[in-house]
Amino acid sequence: MKKTVSRAALVGVALCLFFIIFQISVSSTSRFLKYATNSAKPTQEGTRKLKAISQPNSHPPKSLRLPVESPIICDRTDIRYDLCSINGPTVLDPAKSTFFTIGSAQHSIMEKVQPYPRKFEKFIMPRIKNLTLTSGPRRPPCKVPHNVPALVFSAGGYTGNFFHDFNDGFIPLFITVHTIFPDQDFVIVVSEAPNWWPSKYADLLTVFTKHPIIVLKNDSPTHCFPSAKIGLISHGFMTINQTLLPNSKTLLDFRMLLDKAYTPQAQPKVLTSKHTNPRPKLVLASRKEAKGRSILNQEKVIRLIKKVGFDVVVFKPKNKTPLNESYALLNSSHAMVGVHGAALTHSLFLRPGSVLVQVVPIGVEWAAYAFFGRVVKGLNLQYSEYKIGVEESSLVDKYGKGSLLVKDPFALQKTGWDPEIMDIYLKEQNVKLDLIRFKACLKEAYIKAKRFMEANG
């Protein structure tokens, strides 16, 4: 009898679980179908916000134009970032993630700020640690004095993705330094960062400042500074607007900074074929082991690239790949080809005048230009896009040619990139390049790369 009851109970539980899973599946599919039909209606607010995020900044932070009337000032007017200033001596307590400064007991101030320049993104910002800035009659004693200001930011969020390391980290850091500290020394204070981050980017960080980097989670004594800036200024995706900088720095100046950081170690040599008629070197960024956007016929593509006239190096960057090695490879090449993805951020390492071909899967046209189209202009690269046809996308096999996902991705993106839709285009989609179409693109790239090689080595 006990066994019978036990079996019946198990059957009941199994049926319940099946029903729950079925309901979740139906609900998820329903949410997806909402976007895969022509009923998707863009909201005016969503369209406005997407447009604002897409456009590069055209004005400097308001706080830089205001008179200093308070020990703590925060500018929260930008869609991408908050920027706070402590305008006087301050003590940092790493254990409390708090900056203390002397102020009136009757007019105490407290501000909280997340120093990460993706304020517009609701998904990631809740994961960014808040820093507290407070003024009052008391502050803790100072254990480690500094005679230069602090520049404070977060290396949390999407850090670890090479694109975000630069888009949300080092390019905004470059902008902030040349906006606030163009001719001044400072100490970098990082509110949060993965354990590997300080060592991976040590060579680049030392170009910004000669002082040791302070990472709050790895530090315990209090530090005091004559003043502090909290936050990073962003001009937009992979963008430096020289009109907003007092010294008119550009993306080419940022590239020169990379050269200063990595050339002494890299000692790059322009490698060409040993034949009497040298061949330009092309770096193919491979996503073979990545989730989505891999080239399904990569071996055939490599043979085609060689047939067109290039020497090919397949580049598979990983988190542990030394940056000086990556820099030496790209800095000595004449062309780069890759499907839209974080690895194309290495195009920052290409010499000005070299060639970049971005393979653009369906549904990511906007991101392809916003993330990398601006880089090529800023670095004076010779750029072309190979936009795949519907038949070259693996999404056709899964959803069919008639799906709105395939035939009209723009209609689904008018209100922004919904996470479910974004995952389909970025994580589910792979490409099988049409070798005849792609060959024409490669021939054009070869002519440009050959000319660049003959002029620059």
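Visitor: How do the residues of the lining of the largest cavity divide into nonpolar, polar and charged?
Guide: This is a predicted model. The lining of its largest cavity includes Phe-153, Leu-173 and Trp-197. It also includes Ser-154, Thr-159, Asp-165 and Asp-168. The division is six nonpolar, four polar and two charged.

Visitor: Which element gives the most to the lining of the largest cavity?
Guide: Helix H3 covers residues 162-180. His-164, Asp-165, Asp-168, Gly-169, Phe-170 and Leu-173 are among the lining residues of the largest cavity. With six residues, the top contributor is H3.

Visitor: How much space lies in the largest cavity?
Guide: There are three cavities of 30 Å³ or more. The second largest holds about 50 Å³. For the largest, the space is about 90 Å³.

Visitor: Which residues lie nearest the centre of the second largest cavity?
Guide: Ten residues line the second largest cavity. They divide into four nonpolar, three polar and three charged. Nearest the centre lie Arg-80, Phe-120, Asn-167, Ser-234 and Phe-237.

Visitor: On which residue is the kink in H3 centred?
Guide: H3 has 19 residues and reaches 26 Å from its first C-alpha to its last. That is close to the 27 Å expected. The helix still has a kink of about 30 degrees, and its centre is Pro-172.

Visitor: How many of the residues of H3 are buried?
Guide: Buried here means under 20% relative accessible area. H3 is mostly covered by that cut-off. The count of buried residues is 19 of 19.

Visitor: At the start of H3, which residue has its backbone nitrogen reached by a side-chain oxygen of Asn-161?
Guide: H3 begins at residue 162. The side-chain oxygen of Asn-161 comes to within 3.0 Å of a backbone nitrogen at the helix start. That nitrogen belongs to Phe-163.

Visitor: Which element gives the most to the lining of the second largest pocket?
Guide: The second largest pocket has a volume of about 230 Å³. Three elements give two or more residues to its lining: H3, helix H5 (202-208) and helix H6 (251-266). Asp-253, Met-256, Leu-257 and Lys-260 are among the lining residues. With four residues, the element giving the most is H6.

Visitor: How many residues of the lining of the second largest pocket are charged?
Guide: The lining includes Lys-249, Asp-253 and Lys-260. It also includes Phe-174, Val-177 and Phe-186. Seven lining residues are nonpolar and one is polar. The charged ones number three.

Visitor: With which side chains does the side chain of His-223 make a polar contact?
Guide: His-223 lies in strand E11 (residues 223-225). At 5% relative accessible area, under the 20% cut-off, His-223 therefore counts as buried. One contact of its side chain is at 2.8 Å and another is at 2.4 Å. The partners are the side chains of His-146 and Asp-219.

Visitor: At which residue does H9 bend?
Guide: The 15 residues of H9 should span 21 Å, and its end C-alpha atoms are 20 Å apart, which agrees. H9 nevertheless has a bend of about 35 degrees. Phe-371, Phe-372 and Gly-373 are among its buried residues. The bend is at Phe-372.

Visitor: Does Asn-380 count as buried, partly exposed or exposed, and what is its relative accessibility?
Guide: Asn-380 follows H9 and has a positive phi near 60 degrees. It sits in the loop between H9 (365-379) and strand E17 (382-387). Partly exposed runs from 20% to 50%. Asn-380 therefore counts as partly exposed, at 46%.

Visitor: Where is Arg-293 found?
Guide: Arg-293 has a positive phi of about 60 degrees although it is not a glycine. Its relative accessible area is 11%, under the 20% cut-off, so Arg-293 is buried. Arg-293 is found in the loop between strand E13 (281-285) and helix H7 (298-308).

Visitor: What distance separates the C-alpha atoms of Val-301 and Leu-284?
Guide: Val-301 has its place in helix H7. It is buried, with a relative accessible area of 0%. Leu-284 is 17 residues away along the chain. The C-alpha atoms are separated by 9.7 Å.

Terms used:
Residues numbered from 1 in each chain as written. Predicted model: local features only at pLDDT ≥ 70, side-chain atom pairs only at ≥ 80, totals over all residues. Heavy atoms only, no water. Expected span 1.5 Å × (residues − 1). Bend = angle between axes of the 7 residues up to and from the residue. Buried < 20%, exposed > 50% of the residue type's maximum accessible area, 1.4 Å probe, protein only. Polar contact = N/O pair within 3.5 Å; in protein donor to acceptor, adjacent residues only side chain to side chain. 1 Å grid on protein atoms, 1.4 Å probe; cavity = no way out; pocket = protein on both sides within 12 Å on 5 of 7 lines; lining within 4 Å. Points joined across faces, edges and corners; volume = space filled by probe spheres on them. Nonpolar A, V, L, I, M, F, W, Y, C, P; charged D, E, K, R; others polar.
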